[in-house]
Amino acid sequence: MMTTNIKQMGSPLGARMVVNERDVDYFCGTSYYTLHGDPRVIAAACEATRKYGMGPGTVMASPPLVEVVARAACFFETESAQYIVSGYLGDMLLTQALSNDYDMVFVDDSSHYSVFDGIRSTGKSVITFCHLDPEDLRQKLRENLKPRQIPLVMSDGVFPMTGAIAPLREYVKALTPFEGGLLCVDDSHAVGVIGEKGQGTLEYCGVQGDNCYLAGTLSKAFGGLGGIIPGNNGLMEKVSRNVRIPVGASPPCTGAAAASAMGLKILSEHPEMRMQLWDNVAFMRNGLRQLGVDVVDSPIPIVPVTDLSGVNLKQVQHDLEEKGIVVAHVPPRSYSDAPDKESLRIAIFSTHTREQIGKLLASLAKLL
Ligand SMILES: Cc1ncc(COP(=O)(O)O)c(C=O)c1O
């Protein structure tokens with residue numbers, strides 16, 4: 001059912017697109033390279049659908065599904081990967097696959113819903129630690145683990161509303177006294193975006209290793225759809241042994257797989273797109289700082305504006321929209337990591353022009 005405040009697309013997604021029958025500058029969502037609207041991605045989805053049909057409904061793998069796994073393994077430099085219908089299920093797949101390898105889960109209390117649903121499905125004890133707080137994690141590990149029990153630490157790599165990066169290096173240090181301790185991150189907002197090779201938060205924080213795992217998505221930066229869990233053959237064997245998702249759920253449809261494969265191909269072949277994204281992000285963050293807004297220096301394209309006394313951010317969002325600029329307003333505590341106070345969530349894309357970002361900054365200068 002439609003309601004009047006739900007925005008309708010009138011064109012493929014892009015930095016400039018049609019929303020509610022108007023051309024606008026678009027600064028929302030998670031398609032950080034706007035690959036969902038890229039003609040190459042759209043053509044790949046259409047061609048594959050014509051050639052192989054929709055896809056689900058058979059036990060056979062369509063060539064685009066096979067291609068996604070091969071391209072993902074290449075992108076993440078792993079032996080293989082699991083490709084499933086959603087990133088949401090990826091946390092469940094990963095924590096179930098590893099369930100014989102840990103006793104208790106320690107999770108950042110503002111982690112995504114998919115992280116909590118995933119770890120609850122394992123039936124293990126779950127202890128929360130304070131958001132982004134390695135010291136609290138250390139204390140919780142000390143207080144709760146019995147001798148020889150093995151912990152799994154879990155968190156979003158990058159948080160969806162604030163763009164905060166989890167301090168993974170500190171988490172790995174906190175795990176060192178506990179032999180066999182594991183780290184798993186939901187890296188949906190980081191894969192394709194951060195790290196020199198775009199491999200996500202583990203790469204960015206320099207903690208890639210045998211006991212560190214990620215569950216990502218191809219539904220955001222890569223312009224496709226579906227969960228991606230890169231790993232070595234040992235992890236894939238554990239998936240076959242312990243997880244029913246790959247055999248009990250339909251795979252992504254053929255068009256979505258072909259789009260995802262094309263997104264992986266484009267981001268692999270064009271690392272300069274990442275540089276362009278980081279440049280745009282730096283331009284936006286510097287611009288906001290010049291307006292007196294407190295934003296951290298970070299390559300993350302999720303730029304939050306929050307906690308400005310005397311400013312009604314819902315009104316700011318509305319006034320921007322009048323000028324043809326669309327940003328998201330996030331009410332307090334309205335999402336897994338949404339802060340206690342209202343905020344604007346501004347998504348920066350590699351395809352935004354300097355003029356578009358400059359116009360947004362100039363408009364904010366008048367409204368904040
Ligand atoms: C942190 C996080 N994890 C998982 C998901 C789910 O990913 P998908 O849309 O691929 O199911 C989202 C979706 O927004 C997310 O923000």
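C212 is buried in this predicted model, where its relative accessible area comes to 10%, whereas C74 is exposed, with a relative accessible area of 60%. C212 takes part in no disulfide, since the nearest cysteine sulfur, which belongs to C184, is 8.7 Å away, and a disulfide would require two cysteine sulfur atoms within 2.5 Å. The structure as a whole holds zero disulfides.

A second buried residue is R345, which sits in strand β13, a strand that spans residues 343-347. Although R345 is buried, it has no salt bridge, and the nearest side chain of opposite charge, that of D337, is 7.4 Å away; a salt bridge would need a side-chain nitrogen within 4 Å of a carboxyl oxygen. What R345 does have is a polar contact of 3.3 Å between its side chain and that of Y32, and a polar atom of the R345 side chain also lies 2.8 Å from the backbone oxygen of P160. Both Y32 and P160 appear among the residues that R345 touches, apart from those up to four places away in sequence, and this set also includes F27, M161, H189, I302 and V330.

H189 leads from R345 to the ligand, which is surrounded by 14 residues, the closest being G87, D186, H189, T217 and K220. An N or O atom in the side chain of H189 is 2.7 Å from an oxygen atom of the ligand, while G87 places a backbone N or O atom 2.9 Å from a ligand oxygen atom. A nitrogen atom of the ligand, in turn, is 3.2 Å from an N or O atom in the side chain of S188.

Terms used: Residues numbered from 1 in each chain as written. Predicted model: local features only at pLDDT ≥ 70, side-chain atom pairs only at ≥ 80, totals over all residues. Heavy atoms only, no water. Buried < 20%, exposed > 50% of the residue type's maximum accessible area, 1.4 Å probe, protein only. Helix = DSSP H or I, 4+ residues; strand = E, 2+ residues; numbered from the N terminus. Lys, Arg positive; Asp, Glu negative; His and termini not counted. Polar contact = N/O pair within 3.5 Å; in protein donor to acceptor, adjacent residues only side chain to side chain. Contact = heavy atoms within 4.5 Å. Near = heavy atom within 4 Å.
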